[in-house]
Amino acid sequence: MRRSSRIRQKEGAAAVKSIVTIDLSERQNGFNYIEASKHRSCWVHILAVPRRGRSKRRVKTGPKGKLNTTTFHTYFRSMWDRYSEDKKASFAYLDCLWFSLYYDPASRQKVLLWIKKEAIFSKAYVIVPIVLWGHWNLLILCHFDQNTESSTRRPCMLLLDSLENTGPRRYETEIRKFVFDVFQAMGRSETKKMLSKIPFVVPKVPQQIDDKECGKFVLYFIHLFMNNSPEVFEAPNGYPNFINEKWFDRGGYEDFCNQLITGL
């Protein structure tokens, strides 16, 4: 006797419920993992096993995949809006597309005009997300509200990169040119020689474990820097000494990614 289509559908649904996702990767030392397979797509495997009922626990995994500029901006604005006015008073930021648009000679003058209207160098810190060649970095211009030769609040350029083997110092020439062009657009008197003395620092920071996390790392860098930045850099190396390769652990980063979703 043939079974009805309704019976077959119920059996199919029951089979689906018995499929459980199991992560076979083993965590070690926060950021390092033992691969369950040589292929990245095989880190998570599917096994069909018996299961009693539906688990009530739901685990959030944060934003999936690499962030595009629209998603990045949405998350950033959600973060920014939650800061107090007192906290935001020391910071300015540029749209995450502006540096890449500046990088294109066809749109460079428009970008400089937009930045001039923002008066970004009236703030102690300027946050500049950079996305070029599909990779995200964070540039922070520190104490550019001061004279470039100030001895008390010495300006510096911080570039934070969660994938340092890509060679983040390759950006230095363009970043220095960018800063000089912004100064010129604002009518400031600093020369290229004066700007060449401003330190360009690429401190060691925690590193991503795949090729999709760079945008989320930049958001986390911003979050931590805004929460911990001092009024003046006292560290002998010329930038905050809390920025190092042990700045945060993997668990803190993953909690932050989950909060990105709940904060929207």
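**Exercise 1. Work out how helices H2 and H8 are oriented in this predicted model, and which residues meet where they pack.**

*Step 1.* Start with the geometry: H2 covers residues 69-82 and H8 covers residues 214-228, and the two pack at an angle of about 15°, with their axes 11 Å apart.

*Step 2.* Now name the arrangement. Angles under 35 degrees count as roughly parallel, so H2 is roughly parallel to H8.

*Step 3.* Add the handedness: the crossing of H2 past H8 is right-handed.

*Step 4.* Look at the side of each helix that takes part. H2 brings Phe72, Tyr75, Phe76, Met79 and Trp80, which meet Gly215, Val218, Leu219, Ile222, His223 and Met226 of H8.

*Step 5.* Sort these residues by class: nine are nonpolar, two are polar and none is charged.

**Exercise 2. Place strand S7 among its partners, and decide whether its residues are buried or exposed.**

*Step 1.* Take S6 (residues 125-132) to begin with. S6 runs antiparallel to S7, and eight bridges join them. One position to find is Val131, which stands opposite Trp136 of S7.

*Step 2.* Follow the chain between these strands: S6 and S7 form a hairpin with two residues in between, and Trp133 in the turn has a positive phi of about 55°.

*Step 3.* Turn to S8 (residues 156-160), which is antiparallel to S7 and joined to it by five bridges. Here Leu139 has Leu159 as its bridge partner.

*Step 4.* Check burial along S7, residues 135-142: eight of its eight residues are buried. His135, Asn137, Leu139 and Leu141 point one way, while Trp136, Leu138, Ile140 and Cys142 point the other way, and all are buried.

Methods: Residues are numbered from 1 along each chain as its sequence is written. This is a predicted model: local features need pLDDT of at least 70, side-chain atom pairs count only at pLDDT 80 or more; totals for chains, interfaces and linings use all residues. Side-chain values use heavy atoms; hydrogens and water are left out. Buried means under 20% relative accessible area, exposed over 50%, partly exposed in between (1.4 Å probe, protein chains only). Helices (H or I, at least four residues) and strands (E, at least two) are DSSP runs, numbered from the N terminus. Two strands pair if DSSP finds at least two bridges between them. Axes are lines fitted to C-alpha atoms, for helices over the stretch in contact, and angles run from 0 to 180 degrees between N-to-C directions. Angles under 35 degrees count as roughly parallel, over 145 as roughly antiparallel, 65 to 115 as roughly perpendicular and the rest as oblique. A crossing is left-handed if the near helix is turned anticlockwise from the far one by less than a right angle, and right-handed if clockwise. Contact means heavy atoms within 4.5 Å. Ala, Val, Leu, Ile, Met, Phe, Trp, Tyr, Cys and Pro count as nonpolar, Asp, Glu, Lys and Arg as charged, and the others, Gly among them, as polar.
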